[in-house]
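Here are my notes on this model, in the order I'd go through it with you. Have a look at the structure first, then read on.

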Amino acid sequence: NAKFAVFPFTIGPIYRFYGSPKFSVSAALQLGDIYGYFDKNTGPFPPQTVGFYPASNVGAAIASIHLDYNLSPGLAVRLSPHMLIDNFGGDISHNQGIMLGMVYRFGRQ
């Protein structure tokens, strides 16, 4: 029942490619650090024994595309496929995911 968690801390720009009153497409590239906590519930065994990496900080990047459906000028539903790139254990690896959520835009629209 070994478990692990990763916590990315990244920053970077977002560029909007297309925008209309109802739909917009943008992309983001973020760089930073990721903390991997791999030794939870491994008991007396080190994480490497059960096939995990040791807990550590490594460099990371997140590339994503944001597809927004605008419900109003300040509120949108966002579908965002993304890829997290890290180098735990000295190997560059990537993990894909998808997020679905609401976006509220502050300020002038």
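1. A word on confidence before anything else: pLDDT is the predictor's confidence in each residue, on a scale from 0 to 100. This is a predicted model, and its chain averages a pLDDT of 87. Of the residues, 90% score at least 70. By element, S5 comes out highest with a mean of 94, while S1 is lowest at 85. As a general caution, predicted coordinates should not be read in detail where pLDDT is low.

2. Now the fold. The chain has six strands and zero helices, so to speak a β-β-β-β-β-β pattern when you read along the sequence, with helices and strands taken as DSSP runs. Among contacts between residues at least 6 apart in sequence, 53% join residues at least 24 apart. Buried residues account for 24% of the 109 in the chain.

3. Next, one strand pair. How many bridges join S4 to S5? There are nine, and the two strands run antiparallel. S4 covers residues 56-70, and a hairpin of four residues connects S4 to S5. To pick out one pairing, alanine 60 has aspartate 86 in S5 as its bridge partner.

4. Aspartate 86 brings us to the pocket, since Asp86 turns up in the lining of the largest one. That pocket has a volume of about 170 Å³. Along with Asp86, the lining consists of Phe4, Val6, Phe38, Gly51, Phe52, Tyr53, Leu84, Phe88, Ser93 and Asn95. Strands S1 (3-11), S5 (75-86) and S6 (93-104) are the elements that give two or more residues to this lining. By character, the lining splits into seven nonpolar residues, three polar and one charged.

5. Last, a residue to click on: serine 24, which sits in strand S3 (residues 23-40). Is serine 24 buried or exposed? Its relative accessibility is 2%, and because the cut-off for buried is under 20%, serine 24 counts as buried. Leaving out residues up to four places away in sequence, serine 24 touches Arg16, Tyr18, Gly19, His66, Leu67, Asp68, Asn70 and Arg105. If you want to follow up on the strand pair in point 3, Asn70 falls within the residue range of S4, 56-70.

Conventions. Residues are numbered from 1 along each chain as its sequence is written. This is a predicted model: local features need pLDDT of at least 70, side-chain atom pairs count only at pLDDT 80 or more; totals for chains, interfaces and linings use all residues. Side-chain values use heavy atoms; hydrogens and water are left out. On a 1 Å grid over the protein atoms alone, a cavity is a set of points where a 1.4 Å probe fits but cannot get out, and a pocket is an open set with protein on both sides within 12 Å along at least five of seven lines; lining residues have an atom within 4 Å of a point. Grid points are joined across faces, edges and corners, and a volume is the space filled by probe spheres set on the points. Ala, Val, Leu, Ile, Met, Phe, Trp, Tyr, Cys and Pro count as nonpolar, Asp, Glu, Lys and Arg as charged, and the others, Gly among them, as polar. Buried means under 20% relative accessible area, exposed over 50%, partly exposed in between (1.4 Å probe, protein chains only). Contact means heavy atoms within 4.5 Å. Two strands pair if DSSP finds at least two bridges between them.
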